[in-house]
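Q: Hi! I've got a chain open in the viewer and would love to talk it through with you. Can we start on the surface and work inwards?
A: Happy to, let's bring it up.

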Amino acid sequence: MIEFRIKWAAAGAVYAGMLFGILQFVVHAGKVGLPELMMGAFMGGAMALPLTACHVAAAFAVLLFARRQSFGVQFALFASLSFGAWLIVVDAIGQAFRSAGWTSPDGTSLAWLAFFVGGTGACLICMIAAARTARRT
């Protein structure tokens, strides 16, 4: 049975952030080596902190309001709550950078959306994998 857990909601966001950072760093560096992989994972993990905060807040709300519901209902509520929080956080980050005089390149909002979808998908994968591992032991 798949259970909704806060730890997997947070871990999925961090895993997706690290992968996103590695891909971004390797594409910009043009080569693949241990330093590029390590720097990409570090930068991606730092980028994942706002998404992790959104996922943890949404996961607490889900466990507070929908504890006895099925996993599908819990995960749907989690995805919608975290998406709403993510939109607020991305807007706040954009406002902070714009007030500092930075402009974002074209396609930035699409990258943020892809990052959210990847993080939420990683959460789902972590929860399914944890349920399968628990069944085997």
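Q: Is Val 117 buried or exposed?
A: Val 117 counts as exposed because its relative accessibility is 52%; the cut-offs are under 20% relative accessible area for buried, over 50% for exposed and partly exposed in between, with a 1.4 Å probe and protein chains only. This is a predicted model, so local features need pLDDT of at least 70 and side-chain atom pairs count only at pLDDT 80 or more, while totals for chains, interfaces and linings use all residues. Residues are numbered from 1 along each chain as its sequence is written, and side-chain values use heavy atoms, with hydrogens and water left out.

Q: Where is Val 117 found?
A: In helix H4. Helices here are DSSP runs of H or I with at least four residues, strands are E runs of at least two, and both are numbered from the N terminus.

Q: Which residues make the nonpolar surface patch with Val 117?
A: Phe 83, Leu 87, Leu 110 and Leu 113 join Val 117 in a patch of about 460 Å². H3 and H4 are the elements that give two or more residues to it, and H4 has the largest share, with three. A patch takes residues with over 30% relative accessible area and no salt bridge, joining nonpolar side chains (Val, Leu, Ile, Met, Phe, Trp, Tyr) within 5 Å and like charges within 9 Å. Areas come from the Shrake-Rupley method with a 1.4 Å probe, and for residues only the protein chains shown count as cover.

Q: Nice. Now inwards: which residues make up the largest nonpolar core?
A: There are 11 residues in that core: Phe 4, Ala 9, Ala 58, Ala 59, Val 62, Leu 63, Phe 71, Phe 75, Phe 78, Cys 123 and Met 127. H2 (34-65), H3 and H4 (108-136) each supply at least two of them, with H2 giving the most, four residues. A core means buried Ala, Val, Leu, Ile, Met, Phe, Trp, Tyr and Cys residues joined through side-chain atoms within 4.5 Å.

Q: And what is Cys 123 in contact with?
A: Neighbours within four places in sequence aside, Cys 123 is in contact with Trp 8, Ala 9, Gly 12, Ala 13, His 55, Phe 75 and Phe 78, where contact means heavy atoms within 4.5 Å. Another core, of seven residues, lies apart from the largest one and includes Ala 13, Ala 48, Leu 51 and Cys 54.

Q: How about H3, how far does it reach?
A: H3 covers residues 71-99, and its 29 residues reach 41 Å from first C-alpha to last, close to the 42 Å expected. That expected span is 1.5 Å times one less than the number of residues. Among the buried residues of H3 are Ser 82, Trp 86 and Gly 94. Just after H3, Gly 101 has a positive phi of about 95°.

Q: Switching topic, how many salt bridges are there?
A: The count is one. Arg 5 pairs with Glu 3, their closest N and O atoms being 2.4 Å apart; the rule is a side-chain nitrogen of Lys or Arg within 4 Å of a carboxyl oxygen of Asp or Glu. Arg 5 is partly exposed, with a relative accessible area of 40%, and Glu 3 is partly exposed at 40% too.

Q: Last one: what does the secondary structure come to?
A: Four helices and zero strands, in the pattern α-α-α-α along the sequence. The C-alpha atoms fill a box of roughly 45 × 35 × 20 Å along the principal axes.
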